[in-house]
Amino acid sequence: MALRHIRFFPHTLVSSTNFTPKLKINHNRFFFSPSHSSSSSSTVTAMASNARKVLIPIADGTEPMEAIITIDVIRRSGADVTVASAANNLSVQALHGVKIIADASVSDVANTAFDLIALPGGVPGVDNLRDSATLEGLVKKHVEDGKLYAAVCAAPAVVLGPWGLLNGLKATCHPSFMEKLASYTTSVESRVQLDGKVVTSRAPGTTMEFAVAIVEQLFGKEKADEVAVPLVMRSNHGDEHTFLELNPVQWTFDNPPKILVPIANGTEEMEAVIIIDILRRAKANVVVVSVEDKLEIEASRKVKLEADILLDEAAKHSYDLIVLPGGLGGAQAFANSETLVNLLKKQRESNRYYGAICASPALVLEPHGLLKGKKATAFPAMCSKLSDQSEVENRVVVDGNLITSRGPGTSIEFALVIVEKLFGRNLALELAKTTVFTSP
């Protein structure tokens, strides 16, 4: 089963009647244009000072996939994104044991003007955001000033609705909150919905589409297209995941399976968090390990994540599966870690399972002989480094005890296929529906 590699996708965004699907009408109403003086030096200064400023608040109980995907994708556009904690400190305990270090507290930015504020979901994260009086005042003033705002998953129903910021507008949210949303506004089942200055979306599985739609509102379609292409997103939003499997074997494991996910400075944060989040939803025992000399790492788009333990401690134990996220800097750190490479070699020698996504198949597995005799895929620009490129166009490739994938936009499929191999397709499909990766 060979799958066609999708290099671009049409945005899955529904707009209200005063917009066309491609959002070409009333651009001046929605895009923020910096004013320039006549001199070139003044123009450069004006452009720098007028960079789009975006606020993404997070709290204990925030859904990490929704927060990290939104931050990562919008930072790829060049926007100045501030991650602000509504908790008592900058270290936030997101859902599924993911630890995120914010850039600032909400109170630190209470008097700052932003071009966009985007709220992630997750329960009880949305309750904590809603109950922050400082954040409520900031967002209400932002909306009164006619600025763009956005929310995903439970946030439209639990935060924006009660704050009175959806009156007279169409919005969407997570399927389980649609009834609540309907008490505040006209609820619709779009994967991404635009009405006026608000963009709403449904769940982790729609967040990448949501984030790209936000980029389009901030910068225009050309920039959104530029950001979307290297994400390797799929075009068939809502369909069940598929993958190529060669030399199939039954994956057996301890109960629950113990999975090592290493992270390092420069790791692609979307890929890491999606893998961790989905595998923990499946009740796997996921150990997040720092390859650096401290638990906190700064990922490729400057998101700060905190690992569970350091690599030297992790290396004392064995694992059913080792999974490497990508990111150029992170993959190079993995490749240069003798301890991690030795763990991977022992994994292969003992016929246990291992996998990698994005840059890691090409920069870690290939040079250390861990793809010998195996079919694999990788980030499109890295595939030339693979000695066997015969199956690189597939989004996810399983070859015996090895699994590989392409990039951020294939990460959910990658994680779901791991779930399928470990626990069966029924659980994988259940998680796909819960996250609205597939249509509910």
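pLDDT is the predictor's confidence in each residue, from 0 to 100. The structure shown in these views is a predicted model.

**View 1. Confidence varies along the predicted chain.** The average pLDDT of the chain is 90. A score of at least 70 is reached by 89% of the residues. Residues 1-12 have a pLDDT below 50. In the model this stretch still has 40 contacts beyond near neighbours in sequence. Residues 16-49 also fall below 50. For that stretch, the model holds 49 contacts beyond near neighbours in sequence.

**View 2. The whole chain comprises 16 helices and 22 strands.** The chain has 440 residues, and 59% of them count as buried. Its exposed surface is about 16500 Å². Carbon and sulfur atoms supply 48% of that surface. Take the contacts between residues at least 6 apart in sequence: 71% of them join residues at least 24 apart.

**View 3. Eight strands make up an open sheet.** The strand order is β13-β21-β22-β20-β19-β14-β15-β18. Pairing within this sheet is mixed. Strands β13 (244-246) and β18 (309-310) are the edges. Each edge strand pairs on one side only.

**View 4. Helix α13 packs on the sheet.** This helix covers residues 338-349. It touches β14, β19 (321-324) and β20 (353-357). The direction of α13 makes about 130° with that of β19.

**View 5. Strand β14 pairs with β15 in the parallel sense.** β14 spans residues 258-263, and β15 spans residues 285-290. Six bridges link the two strands. Val 261 has Val 288 of β15 as its bridge partner. Ile 263 stands opposite Ser 290 in β15. In a regular strand, side chains alternate between the two faces of the sheet.

**View 6. Helix α10 lies on the path from β14 to β15.** The chain leaves β14, passes through α10 (residues 269-281) and reaches β15. This β-α-β crossover is right-handed.

**View 7. Strand β14 also pairs with β19.** β14 and β19 run parallel, joined by two bridges. Opposite Leu 260 stands Ile 322 in β19. Is β14 mostly covered or mostly exposed? β14 is mostly covered, with five of its six residues buried. In the sheet order, β14 sits between β19 and β15. Helix α13 touches β14 as well.

Terms used. Residues are numbered from 1 along each chain as its sequence is written. This is a predicted model: local features need pLDDT of at least 70, side-chain atom pairs count only at pLDDT 80 or more; totals for chains, interfaces and linings use all residues. Side-chain values use heavy atoms; hydrogens and water are left out. Helices (H or I, at least four residues) and strands (E, at least two) are DSSP runs, numbered from the N terminus. Buried means under 20% relative accessible area, exposed over 50%, partly exposed in between (1.4 Å probe, protein chains only). Contact means heavy atoms within 4.5 Å. Accessible areas come from the Shrake-Rupley method with a 1.4 Å probe; for residues, only the protein chains shown count as cover. Two strands pair if DSSP finds at least two bridges between them. Axes are lines fitted to C-alpha atoms, for helices over the stretch in contact, and angles run from 0 to 180 degrees between N-to-C directions. A crossover is right-handed if, with the strands pointing away from the viewer, the path from the first strand over the helix to the second runs clockwise.
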